[in-house]
Amino acid sequence: MTRTVRRTRRPLPWAAGGAAALLALSACSSSGSDSSAKPDSSGSGEPSGEVTVFAAASLKESFTTLGEQFEKEHPGTKVTFSFGGSDSLAASITGGAPADVFAAASPKTMKIVTDAQDASGAPATFVRNELEIATLPGNPGKISSLKDLTKAGLKVVLCDEEVPCGAAAQKALDASRLKLTPVSYEQDVKAALTKVELKEADAAVVYRTDVHAAGDKVAGVEFPESADAVNDYPIALLKDAKNAEAAKAFIALVRSAEGQKVLSGAGFLKP
Amino acid sequence: MTLPTDKPRTAAGTLRPGSPRRRRVRTGVPLPLLIPALLGLAFLIVPLAALLVRTPWQSLPAQLTSPEVWQALKLSLICATLATGVSLVIGVPLAWLLARVDFPGRGLVRALVTLPLVLPPVVGGVALLMALGRNGIVGQWLDSWFGITLPFTTAGVVIAEAFVAMPFLVISVEGTLRAADPRYEEAAATLGASRFTAFRRVTLPLIAPGIAAGAVLAWARALGEFGATITFAGNFPGRTQTMPLAVYLALQSDPEAATALSLVLLAVSIVVLAGLRDRWMSAG
């Protein structure tokens with residue numbers, strides 16, 4: 001080991017050269033991926049090129065549909081999605097991830113982005129989402145309220161409190177003065193839902209839209225306390241958007257009557 | 001490390017600085033090799049250095065003494081050690097089987113054993129759920145016969161970590177066994193030892209460095225395990241939330257805490273590797 005290190009000591013200037021080359025390399029790779037969108041975005045009017053949308057996990061089904069619709073309406077465009085927990089998406093945006101649009105599942109996670117001055121203009125609320133309990137098909141645990149989740153022997157998963165669905169669930173539990181100890185705090189709403197779909201957990205507190213999307217793999221139980229924790233979903237154009245033209249057009253589609261129809265079809269509430 | 005540099009290194013003690021041979025080697029490093037090599041070195045070192053640079057040293061003591069961090073660290077150390085123990089108990093015999101017993105389909109079995117090495121850990125987690133989950137093909141019997149469910153438990157963490165880490169041990173031990181001279185075992189057998197006694201009294205001491213190296217690798221892999229753990233065992237502080245999970249979730253809300261936690265993992269890894277370096281080297 002020592003020998004190797006000593007041997008490289010003499011041509012040390014090369015180390016600086018190597019580091020510079022590394023920097024150049026990384027600069028290259030990031031500009032390389034951008035260039036694909038650039039030539040198209042120069043033209044004004046008709047949107048074209050690639051749009052990158054970071055969206056909350058709960059928007060997966062409806063946004064995928066809207067993305068296909070957008071590509072059909074504007075030939076030459078391509079919508080790329082990254083779905084995940086709103087908080088981790090927000091963290092990647094403030095960390096410099098290349099995105100054009102951010103759709104969060106809570107104003108709090110959107111605030112991370114606006115506080116970092118990474119959004120262009122004020123975010124707009126485009127839908128609202130209510131919590132619902134997802135349980136096994138046929139509801140074998142006979143769950144009919146939030147309180148039933150605290151029953152002994154019931155395996156409940158919640159979203160982690162950092163994630164909007166977890167924060168909302170905690171808010172609903174606090175509002176009804178319930179203390180619930182889950183078996184796991186999942187990293188996003190889809191992970192929580194999956195645990196019920198796989199029958200590993202008996203119930204999860206997720207969004208109405210997730211229960212909707214899971215079809216007959218889970219049974220949904222609505223509970224009145226969910227009214228205390230309705231999540232507003234804000235959407236915003238990002239400041240460093242490479243393709244602002246097409247990004248604006250995508251946001252417009254989401255907020256249009258046509259877009260709202262897709263979203264309410266998925267179980268979202270009107271803003 | 002390439003072979004040619006390995007050889008002089010083992011004889012490094014006999015080479016004096018400034019000896020003719022050394023000088024020739026020093027001037028003989030061709031640039032087309034040196035530049036990518038330094039680039040490679042920088043590529044591996046810079047991110048770790050960045051972690052050190054960005055560590056919030058001011059708030060570090062407060063971050064590290066928080067009960068959550070200790071809880072996660074303790075759980076990580078316990079689970080990684082148990083997972084290594086499980087790997088040793090079933091992995092060493094498996095390595096022996098692969099190295100010493102000629103059975104049909106041995107190549108295929110070896111390939112299957114190494115599969116978790118290249119499998120994305122999340123896929124491993126899903127596979128574990130399918131097998132050992134409450135509704136899994138084995139798990140449903142565990143549940144209905146013994147009332148044992150593994151997901152969301154500390155035992156689940158150990159299983160997820162062992163699943164991902166054991167191949168490292170098996171590969172390492174099998175390699176050592178192949179390199180070890182089987183004639184020692186044969187000699188033991190001619191002296192009347194059973195095959196198991198020969199394994200216990202002759203083979204095991206012979207391959208101990210290889211086992212140690214494999215155990216360290218497996219332990220380190222288990223300590224860093226994330227994907228299979230969060231998929232199979234979930235995330236609950238004190239029960240299944242190991243350090244990597246805590247780092248990931250802290251990064252979402254509190255990057256400073258995540259950096260501090262990462263530093264702890266880095267320090268633990270360095271201490272372990274440094275402590276066992278000599279044994280590892282001799283096993284190579």
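**Close-ups of a predicted two-chain model**

**View 1. The second largest cavity, from the inside.** By class, the residues around this cavity come to 8 nonpolar, 4 polar and 1 charged. Keep in mind that everything shown here, and in the views that follow, comes from a predicted model. The second largest cavity holds about 50 Å³ of space. Its lining takes in 13 residues, and those nearest the centre are Ala57(A), Ser86(A), Ala105(A), Val163(A) and Val189(A). How many cavities of 30 Å³ or more are there? The count comes to 3.

**View 2. Helix 5 and helix 6 of chain A, side by side.** Here we're looking at residues 86-94 (helix 5) and residues 107-115 (helix 6) of chain A, whose axes come within 9 Å and cross at roughly 5°. An angle under 35 degrees counts as roughly parallel, so helix 5 of chain A is roughly parallel to helix 6 of chain A. On the helix 5 side, the contact uses Ser86(A), Asp87(A), Ala90(A), Ile93(A) and Thr94(A). They meet Thr109(A), Ile112(A) and Val113(A) from helix 6 of chain A. Sorted by class, that contact has 4 nonpolar, 3 polar and 1 charged residues. Ser86(A) may ring a bell: it turned up in View 1 among the residues nearest the centre of the second largest cavity.

**View 3. Lys270(A) and its neighbours.** Lys270(A) sits in the segment after helix 11 (257-265) of chain A. Which residues does Lys270(A) touch, leaving aside those up to four places away in sequence? They are Arg128(A), Gln260(A) and Ser264(A). For a sense of scale, take Met110(A): 160 residues separate it from Lys270(A) in sequence, and the C-alpha to C-alpha distance is 19 Å.

**View 4. Helix 3 against helix 14 in chain B.** Now over to chain B, where helix 3 (residues 31-53) and helix 14 (residues 255-275) pack with their axes 9 Å apart, at an angle of about 125°. That angle makes helix 3 of chain B oblique to helix 14 of chain B. The crossing is left-handed. Helix 3 of chain B brings Leu48(B), Leu51(B) and Leu52(B) to the contact, while helix 14 of chain B offers Thr259(B), Ser262(B), Leu263(B) and Leu266(B). Split by class, these residues are 5 nonpolar, 2 polar and no charged.

**View 5. Helix 5 meets helix 9 in chain B.** The axes of helix 5 of chain B and helix 9 (residues 154-179) of chain B come within 6 Å, crossing at roughly 40°. Helix 5 of chain B is therefore oblique to helix 9 of chain B. Is this crossing left-handed or right-handed? It's right-handed. In the contact between helix 5 and helix 9 of chain B, the residues come to 22 nonpolar, 3 polar and 4 charged.

**View 6. The second largest pocket, with residues from both chains.** About 470 Å³ of space lies in this pocket. Among its 18 lining residues, the ones closest to the centre are Glu162(A), Glu68(B), Gln241(B), Ala246(B) and Ala250(B). Which elements give two or more residues to the lining? They are helix 5 (67-100), helix 13 (243-253) and helix 14 of chain B. Helix 13 of chain B gives the most, with 4 residues. You've already met helix 14 of chain B packing against helix 3 in View 4, and helix 5 of chain B crossing helix 9 in View 5. By class, the pocket lining divides into 9 nonpolar, 4 polar and 5 charged residues.

Key. Residues numbered from 1 in each chain as written. Chains lettered and ligands numbered in written order. Predicted model: local features only at pLDDT ≥ 70, side-chain atom pairs only at ≥ 80, totals over all residues. Heavy atoms only, no water. Axes fitted to C-alpha atoms, helices over the stretch in contact; angles between N-to-C directions. Parallel < 35°, antiparallel > 145°, perpendicular 65-115°, else oblique. Contact = heavy atoms within 4.5 Å. Nonpolar A, V, L, I, M, F, W, Y, C, P; charged D, E, K, R; others polar. Left-handed = near helix turned anticlockwise from the far one by under 90°. 1 Å grid on protein atoms, 1.4 Å probe; cavity = no way out; pocket = protein on both sides within 12 Å on 5 of 7 lines; lining within 4 Å. Points joined across faces, edges and corners; volume = space filled by probe spheres on them.
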